[in-house]
Amino acid sequence: MTDQERFPEGFLWGAATASFQIEGATTADGRGPSIWDTFADLPGTVLGGDTGEPADDHYNRYPEDIGLMRELNLGAYRFSIAWPRVLPQGSGAVNQAGIDFYDRLVDALLEAGLQPWATLYHWDLPQTLQESGGWTDRDTAEHFRDYSAVVAEALGDRVENWMTLNEPWCASFLGHYHGVHAPGHRDSVEALTAAHHLLLGHGLATQAIRATGHPSRVGMAHNQAVIRPHGASAADARAARRADGVRNRIFTDPVLKGVYPADVKADLAEVTDFSFIKDGDLETIHQPLDFLGVNYYTPEWVAGSAKGLDPATVSGEGSAWLGADPEEVHVSQGLPVTHMGWEIDPTGLFDVLQRLAGESGGIDLYVTENGCAFEDSVADDGGVHDPDRIDYYESHLRAALEAVRAGIPLRGYFAWSLLDNFEWAWGYSRRFGLIHVDYETQKRVVKDSGKWYAQLAQTSRFPNR
Ligand code: GCO
């Protein structure tokens, strides 16, 4: 095997999770309710009526899970901190037991030789803040700053890599426009306002983390969509520009360039006057980043209309994305799909890394999420045999290696996910883990893909199959 098959020396191998998806213990030790506890309790919001209990009971089982991380030869573990554990009311009194949990977790990770990579917000906003408007309320950005300062003061001597937000597009648009995530609203102006306040919170939190004086690196985990025109028509190209603007550039331009894209503001002129943007906000949002996290799963194809297309391949007519013309649509390409129905196309990972490398001024890039859901079960031999997942990881990691060899500053990769977990509106029905979890017994079984990944993480070479 040539060295061209090897990731560079020092390439970081990790796996990722998020607090609400794995911790369980939703009322333990003073944790307050989050918007996801509230949303999941509403009828019909989460498949099967699943909630954040029991998840993977990681709150209690983290020592065992860290042992499994070592078995996978991981160099780092990306997790998120539950704001409602630290500040149960969203602001004000700190819940020391909440801080103590993450203190124990970080110490145990370091003891095991793993770098702790912490995300400050992976969607579990304290419910009390939602009651005063949540992310549509500008004060929430300042509360996020204060929460981030508390956490960074407590853990910043040991946590050197921080992500302020995970996927602000999901938190704002899925939660406030599409209505399929907490808080379950369907309002374009709310979504755009929430997006801005999330970005403002990112900027304020970045400043707060750096103000602690700890030698921290700060980034964000962003799910930049790979949006492609379905056909060669001008209408499809126009749809792709418009979708890309409101799905991607409305986030990356403020964070990486300190401006909102003019074409997007024009596209949305009839939706909002953007009066939620105050003087100085963009300077606050445009903090220099030390790295950018890239979450990638699948590309998206769009068309100016469904005319002439196979209706079975078309979706989204009427409101394919915020601001879309009613006739603009998403078009599936008939590629193999995962259990999420997401088309499998590793070229999208190369494309998104190449694009963001060009937009982020040469800072380090990390794939902070990439992985797939397939239907898993424990076989009679006690193993979980998941060749499809190994195929997905190998094909995407080969695209990542191609990016590295093209000079893109990709420094590490976090598989999504370490453990099967609560997949938001899909509940526990979708399994993304390298490790299978039986939610009845909480038994963990390392899947064949986890064993494959362990070999890769140990050698930085693709295992023979
Ligand atoms: C996301 C979130 C994760 C998901 C994963 C699979 O990217 O949506 O960061 O929490 O579970 O991506 O959808």
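A polar contact here is a pair of N or O atoms within 3.5 Å. Keep that cut-off in mind, everyone, as we go through this predicted model.

Let's start with the ligand. With that definition, the side chain of N166 makes a polar contact, since one of its N or O atoms sits 2.9 Å from a ligand oxygen. Y297 also reaches a ligand oxygen, with a polar side-chain atom at 2.7 Å. For E423, the distance between a side-chain N or O atom and an oxygen of the ligand is 2.6 Å. How much of the ligand's accessible area does the protein cover? On its own the ligand has 310 Å² of accessible area, and the protein covers 95% of it.

Who else is in the shell? The residues around the ligand include Q21, H122, W123 and E167. Also among them are W342, E369, W416, W424 and F432. Sorted by class, the shell comes out as six nonpolar, three polar and three charged residues.

Now, the cysteines. How many disulfides does the structure hold? The count is zero. For C170, the reason is distance: its sulfur is 18 Å from the closest cysteine sulfur, which belongs to C372, and that is too far for a bond. The cut-off for calling a disulfide is 2.5 Å between the sulfurs. From the other side, C372 is likewise in no disulfide, and its nearest cysteine sulfur is that of C170, 18 Å away. Buried or exposed, then, for C170? C170 is buried, at a relative accessible area of 5%. C372 is buried too, at 1%.

C170 brings us to my last topic, cavities. There are four cavities of 30 Å³ or more, and the largest holds about 60 Å³ of space. C170 is one of the residues lining that largest cavity, along with A171, H176, H181, A182 and P183. The lining also includes I35, W36, Y121, W123 and W135. You may recognise W123, which is one of the residues around the ligand as well.

That's my tour, thanks for listening!

Definitions and conventions
Residues numbered from 1 in each chain as written. Predicted model: local features only at pLDDT ≥ 70, side-chain atom pairs only at ≥ 80, totals over all residues. Heavy atoms only, no water. Near = heavy atom within 4 Å. Polar contact = N/O pair within 3.5 Å; in protein donor to acceptor, adjacent residues only side chain to side chain. Areas by Shrake-Rupley, 256 points an atom, 1.4 Å probe, with all protein chains shown as cover. Nonpolar A, V, L, I, M, F, W, Y, C, P; charged D, E, K, R; others polar. Buried < 20%, exposed > 50% of the residue type's maximum accessible area, 1.4 Å probe, protein only. 1 Å grid on protein atoms, 1.4 Å probe; cavity = no way out; pocket = protein on both sides within 12 Å on 5 of 7 lines; lining within 4 Å. Points joined across faces, edges and corners; volume = space filled by probe spheres on them.
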